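Here are my notes on this model, in the order I'd go through it on screen. Have it open while you read.

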Amino acid sequence: MNKYVEKLIKVASCCHWRLVIVGAYFVLTFLSVGSTSAMGIYYIYIMDKFEVNLTSATVIGALNTALGHSGAIIAMPFVEKFGERPVMILGGVLNLIGYSVSMFVTSFPLLYTTMGIIPGLGISFSRVSIVIAVNRYFQKAKMLSVSFGVVGASVGMLSFPLLIRFLAGLYGLNGALLIHAGLSFNLVACGAAIFPTKSKQLVEEKSDGDEQSACCNTQTVDFSFCVQPPYIAYIFTNFLFMAALYIPTTQIPKHAVSIGISVQDISLAIAVSGIGNMFGRISFGVLSHFYEIHVVKLWIICLTCSGLIMLMVPFSTKVEEFMIFMIIYGYFEGASSVGWNISLFNLINLKYYERGISIAYFVAGIGLAVGSPFTAFLNDHFSSHGISYYIGCGMFVLGALIMIPFASISVKKDSLILPSKTQNEPKVFVFESDSKIDCSKCFPEVQMSTYM
């Protein structure tokens with residue numbers, strides 16, 4: 001059995017297993033964003049079954065979304081101690097438990113735990129694991145791999161609400177939750193596909209009578225990056241972007257109805273925005289791959305465009321205008337969603353990326369948790385003046401302005417190259433995982449225990 005696992009590790013390290021990792025990332029974003037988008041369907045059935053109002057029901061989705069991001073700060077220590085593979089599998093198990101147990105809940109407050117907290121933590125565990133795995137598997141195409149992985153979010157936005165609506169209409173709330181739990185359990189298979197490999201292997205040449213050996217990076221990574229100005233600016237922009245992200249989606253339906261647009265046209269417009277979102281994610285990934293040093297600049301442009309286009313909402317009076325706005329906004333919102341992730345590759349040293357992205361997800365969760373209530377407050381007090389859109393635009397543009405001083409920064413470095421402590425130590429040869437190498441030379445049988 002051990003020999004079989006060792007062979008799989010060789011294949012995962014040297015062949016095209018990186019495509020499987022991107023596929024796992026796609027599934028994760030499909031399920032996480034799709035589940036968030038489908039919460040509105042569940043609210044209808046939950047309000048009817050438990051006789052609660054909409055405000056109480058939306059807390060479930062808020063907990064799920066917020067913990068799905070902020071839980072990264074909890075997940076990161078587990079990933080550092082046990083690795084990406086078991087933590088992502090644990091995330092899939094938590095999702096299965098959360099949604100399946102929700103079928104048997106008879107007291108509404110328990111749904112905050114079973115549908116909100118438990119699946120949210122499961123998503124955060126899986127999300128951190130797959131992001132770190134992509135960072136370690138890819139060296140030359142990090143940005144492109146992340147971009148294609150998060151396209152699953154757009155597919156989830158388009159298809160998951162329709163799927164849950166169909167399942168709930170056919171099998172009821174409990175049946176939809178059961179199938180939802182089964183779909184989320186696929187995260188276990190995605191986690192099983194992450195083999196314990198490093199993005200780079202350090203192979204020491206035999207020298208001074210020492211035998212050839214391989215070692216992993218044992219360099220201590222601290223939190224000194226947190227006080228660096230580029231990272232501080234990134235965190236502020238990250239918070240503003242996430243807080244403003246759902247202002248259009250929560251305000252647009254009400255505004256559209258108020259100007260005489262039918263519910264069917266609204267649904268079509270939201271679906272079309274999902275298509276625009278998908279193309280935005282893909283195009284940003286392709287551009288960032290070819291113009292890697294300009295990633296932060298591209299993100300700033302997309303943030304600014306997202307904010308300025310948001311101003312079109314109060315002035316949309318026709319269905320055609322509404323459709324055009326949704327397509328354009330969806331495009332730039334999708335591009336900005338990719339940009340906030342991969343810009344971090346250029347803003348800090350790569351050895352800090354894993355901890356840096358976990359803190360970024362934590363702050364993103366706070367932004368999401370604050371943004372929805374803030375939007376509701378604005379809607380209740382200033383809805384007739386479109387003030388929520390103006391403030392949302394200000395959040396996007398302010399975030400872009402904060403990042404302008406760091407637009408040309410590209411500080412990423414290889415974190416796995418260990419400096420020699422003495423002159424007598426053997427030389428270090430670095431092999432890129434993206435390059436074609438001979439598996440039999442890089443992973444001899446005696447070294448397999450290092451990665452088990």
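**Notes on the predicted model**

1. Overall make-up first. The chain has 18 helices and 3 strands, and what we have is a predicted model, so read everything below in that light. There are 452 residues in the chain, and 51% of them count as buried. The accessible surface comes to about 20100 Å², with carbon and sulfur atoms holding 67% of that area. Looking at contacts between residues at least 6 apart in sequence, 86% of them join residues at least 24 apart.

2. Next, a pair of helices: H2 (residues 17-50) and H8 (residues 151-184). How do they pack? Their axes are 6 Å apart and the angle is about 40 degrees. An angle from 35 up to 65 degrees falls in the oblique class, and H2 and H8 are therefore oblique to each other. Their crossing is right-handed. By class, the residues of this contact split into 21 nonpolar, 11 polar and 2 charged.

3. Just past the end of H2, have a look at Glu-51. Which sign does phi of Glu-51 have, positive or negative? Phi is near 55 degrees, a positive value, and the residue is not a glycine. Glu-51 lies in the loop between H2 and helix H3 (54-70). Its relative accessibility is 72%, so Glu-51 counts as exposed, the cut-off for that being over 50%.

4. Ser-126 is a contrasting case. This residue is found in helix H6, and with a relative accessible area of 0%, Ser-126 is buried. What does Ser-126 touch, leaving aside its neighbours within four places in sequence? The contacts are Leu-28, Met-88, Gly-91, Gly-92 and Leu-187. For Gly-92, which is 34 residues from Ser-126 along the chain, the C-alpha separation is 7.1 Å.

5. Staying with H6, follow the chain out of the helix. Lys-140 sits in the loop between helix H6 (108-137) and helix H7 (142-149). At 52% relative accessibility, Lys-140 counts as exposed; the threshold is over 50%. Lys-140 also has a partner far along the chain: His-289 is 149 residues away in sequence, while the two C-alpha atoms are 8.9 Å apart in space.

6. Then H7 itself. Is this helix enclosed or open? Of its 8 residues, 6 are buried, so H7 is largely enclosed by the rest of the structure. The buried ones are Lys-142, Met-143, Ser-145, Val-146, Ser-147 and Gly-149. Note that a lysine, Lys-142, is on that list, whereas Lys-140 in the preceding loop counts as exposed.

7. Moving on to H13 (residues 295-310) and H17 (residues 387-403): the angle is about 165 degrees and the axes are 8 Å apart. Angles over 145 degrees count as roughly antiparallel, and H13 and H17 are therefore roughly antiparallel to each other. H13 passes H17 in a left-handed crossing. From H13, the contact is made by Val-296, Trp-299, Ile-300, Leu-303, Thr-304, Ser-306, Gly-307, Leu-308 and Met-310. H17 brings Tyr-389, Gly-392, Cys-393, Phe-396, Val-397, Gly-399, Ala-400 and Met-403. Sorted by class, that gives 12 nonpolar residues, 5 polar and no charged.

8. A further helix pair is H10 (residues 229-245) with H14 (residues 319-342). Here the packing angle is about 150 degrees and the axes lie 11 Å apart. This crossing is left-handed. On the H10 side you'll find Tyr-234, Asn-238, Phe-241, Met-242 and Leu-245, and they meet Tyr-329, Glu-333, Ser-336, Ser-337, Trp-340 and Asn-341 in H14. The contact has 6 nonpolar, 4 polar and 1 charged residues.

9. Last residue to check: Ala-271, in helix H12 (residues 263-290). Is Ala-271 buried, exposed or partly exposed? The relative accessible area is 31%, which makes Ala-271 partly exposed, since that label covers values between the 20% and 50% cut-offs. Ala-271 and Gly-330 are 59 residues apart in sequence, with a C-alpha to C-alpha distance of 9.7 Å.

Note on methods: Residues are numbered from 1 along each chain as its sequence is written. This is a predicted model: local features need pLDDT of at least 70, side-chain atom pairs count only at pLDDT 80 or more; totals for chains, interfaces and linings use all residues. Side-chain values use heavy atoms; hydrogens and water are left out. Axes are lines fitted to C-alpha atoms, for helices over the stretch in contact, and angles run from 0 to 180 degrees between N-to-C directions. Helices (H or I, at least four residues) and strands (E, at least two) are DSSP runs, numbered from the N terminus. Angles under 35 degrees count as roughly parallel, over 145 as roughly antiparallel, 65 to 115 as roughly perpendicular and the rest as oblique. A crossing is left-handed if the near helix is turned anticlockwise from the far one by less than a right angle, and right-handed if clockwise. Ala, Val, Leu, Ile, Met, Phe, Trp, Tyr, Cys and Pro count as nonpolar, Asp, Glu, Lys and Arg as charged, and the others, Gly among them, as polar. Buried means under 20% relative accessible area, exposed over 50%, partly exposed in between (1.4 Å probe, protein chains only). Contact means heavy atoms within 4.5 Å. Accessible areas come from the Shrake-Rupley method with a 1.4 Å probe; for residues, only the protein chains shown count as cover.
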